[in-house]
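The two exercises below are meant to be worked through with the sequence and the coordinates open side by side. Try each task before reading its solution.

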Amino acid sequence: MSWEQFKKETVKVAAKKTASHLTPVSLHFLENCVGCALCEVNCPFTPVGEEYGPVSKAEPLRHVLRQEINLLPKLFPWLFDGKLPKSKEELDKWVDLAYHCTNCGLCYITCPFSIHSGEMIAQLRGFLAQTGRVPSLLKLMVDAETSGMFLENPGFKQVWDNVMSQVRNVANVELDKKGAKYLYLPSLAEAMITPGAVVSTAKILSKLGIDWTMPSKPLSIRAPIGKLAGDHESTMIIAKKIYDYIKNINPEYLVFSDGGYPYTFFRFELPGVVGEKPSFKVLHLVEILVDAINQGKLKVKQTNERITWHSPCKMGRFGGLIEEPAEVLSKVSTNFVKLKSHGLFSKCCGGGNSIACIVPPTQEMMEKLMGMKLEITPTEKNFLDKLYRDMLIAGREKVQEIKESGATVVSTACVGCFHTLGFTTKAHGVNVTLKTLAEVVAENLE
């Protein structure tokens, strides 16, 4: 297919579909940025190059949407900066920009006009997905999750079975129990990357003696993974599947140990996707821990390990759970120390929003686990190799903070953060032990 034909049949259709998802809020993001670039101060990818500042990365979306939603840019695009990509190479450049954003929200809270460039870049990913531009590994995971094929892969099945075997050793739980008050919802990604979080959460919930349950099989790879690719259809399919399961259990509380985007998706975005207000309340494990420890329902031993906390952007900046993890960890360790940027402006790890999940080392891990070779083009290989190098640069400031803290243990509560910090601390020569929040608490229960 020629570029002109592809542009007519695919790119233009993608532009119209992308425009159909505009809301009054996203229209504000689109039109009211003044280009001051103040957001670049805190963006983790600014040190990589000025082209990776939030304004520059969001600009392709503005090019596309201006000619879709306004009459004058449609008639005179050259005057109003409205355009579609002119070539395959330009479209590839847009992919590069879109996948150099962790959607950490630092641009949003820095901007004096409250422009969330990260959300604009997420919409740009949606446009790119409509044109077929999704990194191969991410596309494979989206398709496997949507079709349910991930449940049939022997490697994935073994990972889940191993974790569930450990869960049974530490917890007496009835799986898929209808009417349970608390439904704990771990993902396959947690079983792969942070299995200790799943086992430890099960141990803690059992120790509390509450009425809880969890799925006997993973409901997703990391639900809904299509959201990271901007695949609205896949996101809706998986969200509704999981929502139907939750309604069948009918819990009062839905509990997450993963404080990444699944937590904020189910807490804030699910109602808009399924078209109704859920009857349950979404909690992160740390909320249960704070109440249980303060009320004496859960007693912990104190360690003198020097522990610090890396705040996941979704759980902290977006979810408001900033001080709760520090409060819990300070009860566990007499030597707990906050990082320099602790708080609303906590530095991003540099690998969120699927970045650490598609770089070459992760691809090699997934190929081995799935028992298959992923074929990628030379162009995509160059893109992924560069993305990995850039991710290590983006994570440098966070690693420097960890080094300056003197901590020997870094605790977090996000699969993506945990995975990224494994890469970045090693690359920058900082020798620390990574543990999830659930693991730190479970290891120190009385």
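**Exercise 1. The cavity**

What volume does the largest cavity have, and which residues are the closest to its centre?

*Solution.* Bear in mind at the outset that this is a predicted model. Begin with the inventory: the structure holds eight cavities of 30 Å³ or more, and the largest cavity has a volume of about 170 Å³. Next, turn to its lining, which is made up of 15 residues, and among these Met141, Ala189, Met192, Ile193 and Cys357 are the closest to the centre. Then assign the lining to secondary structure, where helix H11 (188-193), helix H20 (360-370) and helix H23 (415-427) are the elements that each give two or more residues. Finally, sort the lining of the largest cavity by class, which yields 11 nonpolar, three polar and one charged residues.

**Exercise 2. The sheet**

In what order do the four strands of the open sheet lie, and is the pairing parallel or antiparallel?

*Solution.* First, read the order across the open sheet, which is E2-E1-E3-E4, with parallel pairing. Second, locate the edges: strand E2 (212-213) and strand E4 (281-284) each pair on one side only. Third, examine the pairing of strand E1 (residues 182-184) with strand E3 (residues 253-256), where three bridges join the two parallel strands, and where Tyr182 stands opposite Tyr253 in E3. As background to this step, strands of a sheet pair through backbone hydrogen bonds. Last, add the helix that covers part of this arrangement, since helix H12 (residues 195-208) lies across E1 and E2 and runs at about 165° to E1.

Definitions and conventions: Residues are numbered from 1 along each chain as its sequence is written. This is a predicted model: local features need pLDDT of at least 70, side-chain atom pairs count only at pLDDT 80 or more; totals for chains, interfaces and linings use all residues. Side-chain values use heavy atoms; hydrogens and water are left out. On a 1 Å grid over the protein atoms alone, a cavity is a set of points where a 1.4 Å probe fits but cannot get out, and a pocket is an open set with protein on both sides within 12 Å along at least five of seven lines; lining residues have an atom within 4 Å of a point. Grid points are joined across faces, edges and corners, and a volume is the space filled by probe spheres set on the points. Ala, Val, Leu, Ile, Met, Phe, Trp, Tyr, Cys and Pro count as nonpolar, Asp, Glu, Lys and Arg as charged, and the others, Gly among them, as polar. Two strands pair if DSSP finds at least two bridges between them. Contact means heavy atoms within 4.5 Å. Axes are lines fitted to C-alpha atoms, for helices over the stretch in contact, and angles run from 0 to 180 degrees between N-to-C directions.
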